[in-house]
Amino acid sequence: MSKDRKLKRKLLDKYKLIILNENTFEERLALKLTRLNVFVMGCLAAIFLMGTVFAIIAYTPLREYIPGYSSTALKNKATDLSYKTDSLQRVIAMNERYFQSIKNVLKGDISPDNFNKDSIINAAQLEANEINFAPSAEDSLLREKVDKEDKYNLFESATTVTNFVLFPPVNGQISAPYDVKKKHYAVDIVVSQDTPVKAAADGVVIFAEWTANTGHVIILEHSYGLISVYKHNNSLSKTQGDLVKSGEVIATAGDTGELSTGPHLHFELWNDGYPINPTNFIDFNE
């Protein structure tokens, strides 16, 4: 018998698969099989199983879990999240620098060697006697009119970028002037107890709390990066987040804090993180 006939016979020989009841030996199922149809059925089952697995992976979200495979939408979402994360990190860094500058304002912890001499602080540090305020004959009438409207409009004469008026928070005698060498970045104005303290300009309250050294402190943020600080108050009439107008009462002067030596207002002006002399812009005399 040839090999081909033997192979054909092996493939086509019929076999009977019988399933019996073990206890009664009753025939439950009988199948007539050949090697060929078993092989064909096995191949079809394998093809069906592979097709089913491929369809599940290709057309369901399970494909996202395959390493190296991701959809365009998922890539775009990951890119957007990366951009948002980077933006949030920058915002956090800016807020940290901002809060650090507020801490420096409260502590007065800044070195004069770090001043930016090329910034607008040059104009802010000009002494009043170095500026010629004498009006010419042509504009004397205009200057008189402007002075009557508001005699504290010194920002324009100092030629800074902050083109708005500062209102004197209190009126009185200066007991301790602005002194960089002594790290006294403020002016102390002697006033009576509970004298109303007014906002130097329109702004928002960014700090209104009690500190051990400086008592009741309130800090306002204005336009153009300007910050005004009011320390040693007896009480505060505004809270953090409040909007205030120029000349609006925000506190009452007092003698609070360990560093206070009597009823007065400790007043500071800061521009973009640098202290400036308030007397260059505000007349505190009554």
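Tutor: A residue counts as buried if its relative accessible area is under 20%, and as exposed if that value is over 50%, with partly exposed in between. The model discussed here is predicted.

Student: Why is Trp270 called buried?

Tutor: The relative accessible area of Trp270 is 2%. The cut-off for buried is under 20%, so Trp270 meets the criterion and is classed as buried.

Student: What makes Tyr185 buried or exposed?

Tutor: Tyr185 has a relative accessibility of 3%. That value falls under 20%, so Tyr185 is buried.

Student: How many aromatic pairs are there, and by which rule are they counted?

Tutor: Two rings of Phe, Tyr or Trp pair if their centres lie within 6.5 Å. Applied to this model, the rule gives five aromatic pairs.

Student: Why is the arrangement of Tyr185 and Trp270 called edge-to-face?

Tutor: The ring centres of Tyr185 and Trp270 are 6.2 Å apart, and the planes stand at 65°. A distance within 6.5 Å makes them a pair, and an angle over 60 degrees makes the pair edge-to-face, so both conditions are met.

Student: How do you know that this pair links distant parts of the chain?

Tutor: Tyr185 lies in the loop between β3 (173–176) and β4 (187–190), whereas Trp270 belongs to strand β11 (residues 264–271); the two are 85 residues apart. Together with Tyr178, they form one aromatic cluster.

Student: What share of the contacts in the protein chain joins residues 24 or more positions apart?

Tutor: Among contacts with a separation of 6 or more, 59% are made by residues 24 or more positions apart. As for burial, 28% of the 286 residues count as buried. The secondary structure consists of five helices and twelve strands.

Student: What makes up the nonpolar patch on the surface?

Tutor: The patch includes Leu7, Phe39, Leu44 and Met50, and its residues together have about 860 Å² of accessible area. Helices α1 (3–12) and α2 (35–59) each supply at least two of its residues. The largest share, six residues, comes from α2.

Student: Why is Leu44 called exposed?

Tutor: Leu44 sits in helix α2. Its relative accessible area is 55%, and exposed requires over 50%, so Leu44 is exposed. A patch residue needs over 30%, and the 55% of Leu44 is therefore also over that cut-off.

Student: How do you know that β1 and β2 are paired strands?

Tutor: Pairing requires at least two bridges. Strand β1 (residues 14–20) and strand β2 (residues 27–34) run antiparallel and are joined by seven bridges, so the requirement is met. In one of these bridges, Lys14 is partnered by Thr34 in β2. The two strands form a hairpin with six residues between them, and Phe25 in the turn has a positive phi of about 60°.

Student: What makes the phi of Asp194 and of His232 worth noting?

Tutor: Most residues other than glycine have a negative phi. Asp194, which is not a glycine, has a positive phi of about 65°. His232, also a residue other than glycine, has a positive phi near 65°.

Student: Where are Asp194 and His232 found, and how is each classed by accessibility?

Tutor: Asp194 is in the loop between β4 and β5 (196–198). Its relative accessible area of 40% lies between 20% and 50%, so Asp194 is partly exposed. His232 is in strand β8 (residues 226–236). At 4%, His232 falls under 20% and is therefore buried.

Key
Residues are numbered from 1 along each chain as its sequence is written. This is a predicted model: local features need pLDDT of at least 70, side-chain atom pairs count only at pLDDT 80 or more; totals for chains, interfaces and linings use all residues. Side-chain values use heavy atoms; hydrogens and water are left out. Rings of Phe, Tyr and Trp (its six-membered ring) pair if their centres lie within 6.5 Å; planes under 30 degrees apart count as stacked, over 60 as edge-to-face and the rest as tilted. Helices (H or I, at least four residues) and strands (E, at least two) are DSSP runs, numbered from the N terminus. Buried means under 20% relative accessible area, exposed over 50%, partly exposed in between (1.4 Å probe, protein chains only). Contact means heavy atoms within 4.5 Å. Patches are made of residues with over 30% relative accessible area and no salt bridge: like charges are joined within 9 Å, nonpolar side chains (Val, Leu, Ile, Met, Phe, Trp, Tyr) within 5 Å. Accessible areas come from the Shrake-Rupley method with a 1.4 Å probe; for residues, only the protein chains shown count as cover. A salt bridge is a side-chain nitrogen of Lys or Arg within 4 Å of a carboxyl oxygen of Asp or Glu.
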